[in-house]
Amino acid sequence: MRRAALFLLLTSVLANGQELRWENSYDQPLDFKCPPGQSISYIKSEHHNHHEDRLWEFGCKDTFNSGSDCFLSPYANDFDQPFTFVCPPHHFMAGMSSYHNNKHEDRRWQFYCCRSNGHCTANCEWTTYVNWFDEYFHWNVPNQNYLVGAESYHDNKHEDRRWRYKYCVQKSC
């Protein structure tokens with residue numbers, strides 16, 4: 001009996017710890033930035049029909065070994081509108097920011113881009129869409145590659161977005 005109670009306690013602690021990894025709550029702003037010198041390594045997201053919104057989680061990986069120059073982009077979209085955003089040449093995506101609007105059941109997005117002298121991008125590719133509407137997804141930036149862009153479109157029937165990402169290899173320049 002004590003083992004079962006301990007198992008349930010540990011399971012709930014682990015489950016609660018997992019929930020704490022989301023960077024936002026439903027309908028709340030999202031503002032995520034990797035630590036200096038890093039860029040986004042993975043993106044997880046979960047859509048909930050009741051909230052008509054997504055929770056987001058990000059991972060980071062070392063990208064620059066020296067100081068980097070970063071900026072937050074202007075908004076890439078209006079509510080319910082598609083967008084394609086790519087950081088300027090030789091910049092890497094190190095964060096994302098958005099806010100939700102209940103009337104539109106959508107988010108407006110900004111992206112945090114960084115660069116460092118001597119680090120350039122090459123051999124860039126777009127993924128196919130990484131999710132269907134109303135679907136959980138977990139996308140890893142491929143090994144030896146770095147995130148540089150995002151594209152998304154919104155569907156009013158599902159009140160959700162589909163996503164695809166652009167990534168590049170890093171080379172010296």
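# Buried charges and paired strands

At 4% relative accessibility, Asp-106 counts as buried, because that term covers values under 20%, with exposed over 50% and partly exposed in between (1.4 Å probe, protein chains only). The model is predicted, so local features need pLDDT of at least 70 and side-chain atom pairs pLDDT 80 or more, whereas totals for chains, interfaces and linings use all residues. Residues are numbered from 1 along each chain as its sequence is written, and side-chain values use heavy atoms, without hydrogens and water.

**Exercise 1.** Determine which residue forms a salt bridge with Asp-106, and in which strands the two partners lie.

*Solution.* Begin with the closest N and O atoms: those of Asp-106 and Arg-161 are 2.9 Å apart, and the two residues form a salt bridge (a side-chain nitrogen of Lys or Arg within 4 Å of a carboxyl oxygen of Asp or Glu). Next, place the partners: Asp-106 is in strand S7 and Arg-161 in strand S11, 55 residues apart, and the pair thus links distant parts of the chain. Strands here are DSSP E runs of at least two residues, numbered from the N terminus. Finally, consider accessibility: Arg-161, with a value of 4%, counts as buried.

**Exercise 2.** Work out which residues are joined with Lys-44 into one salt-bridge network, and what its bridge to Glu-57 ties together.

*Solution.* The network, built from salt bridges that share partners, joins Arg-21, Lys-44 and Glu-57. A search of the whole structure finds eight salt bridges. In the one between Lys-44 and Glu-57, the closest N and O atoms are 3.8 Å apart. Because Lys-44 lies in strand S2 (residues 38-48) and Glu-57 in strand S3 (residues 53-62), this pair ties together parts that are 13 residues apart in sequence. Both Lys-44 and Glu-57 are buried. A further bridge that involves strand S3 can then be examined: Arg-107 and Asp-53 form a salt bridge, with their closest N and O atoms 2.9 Å apart. Arg-107 belongs to strand S7 (residues 106-115) and Asp-53 to strand S3, at a separation of 54 residues. Arg-107 is buried at 3% relative accessibility, and Asp-53 is likewise buried, at 4%.

**Exercise 3.** Find where Glu-159 lies, and establish which side chain of opposite charge is nearest to it.

*Solution.* Glu-159 is found in the loop between strand S10 (145-155) and strand S11 (160-172). Although this residue is buried, it has no salt bridge, and the nearest side chain of opposite charge, that of Arg-161, is 8.9 Å away (Lys and Arg count as positive, Asp and Glu as negative; His and the chain ends are not counted). Leaving aside residues up to four places away in sequence, Glu-159 touches His-47, Glu-52, His-104, Glu-105 and His-154, where contact means heavy atoms within 4.5 Å.

**Exercise 4.** Give the order of the strands in the open sheet that contains S10 and S11, and explain why one side of S5 and of S8 is left without a neighbour.

*Solution.* Four strands form this sheet, in the order S5-S10-S11-S8, and their pairing is antiparallel; two strands pair if DSSP finds at least two bridges between them. Strand S5 (83-86) and strand S8 (119-126) stand at the edges with a single partner strand each, so one side of each has no neighbour in the sheet. Between S8 and S11, six bridges are found, and Trp-126 stands opposite Lys-166 in S11. Within S10, Leu-147 is buried, at 0% relative accessibility. Its contacts, not counting residues up to four places away in sequence, include Met-93, Trp-139 and Tyr-165, and the C-alpha atoms of Leu-147 and Met-93 are separated by 5.5 Å although the residues are 54 apart along the chain.
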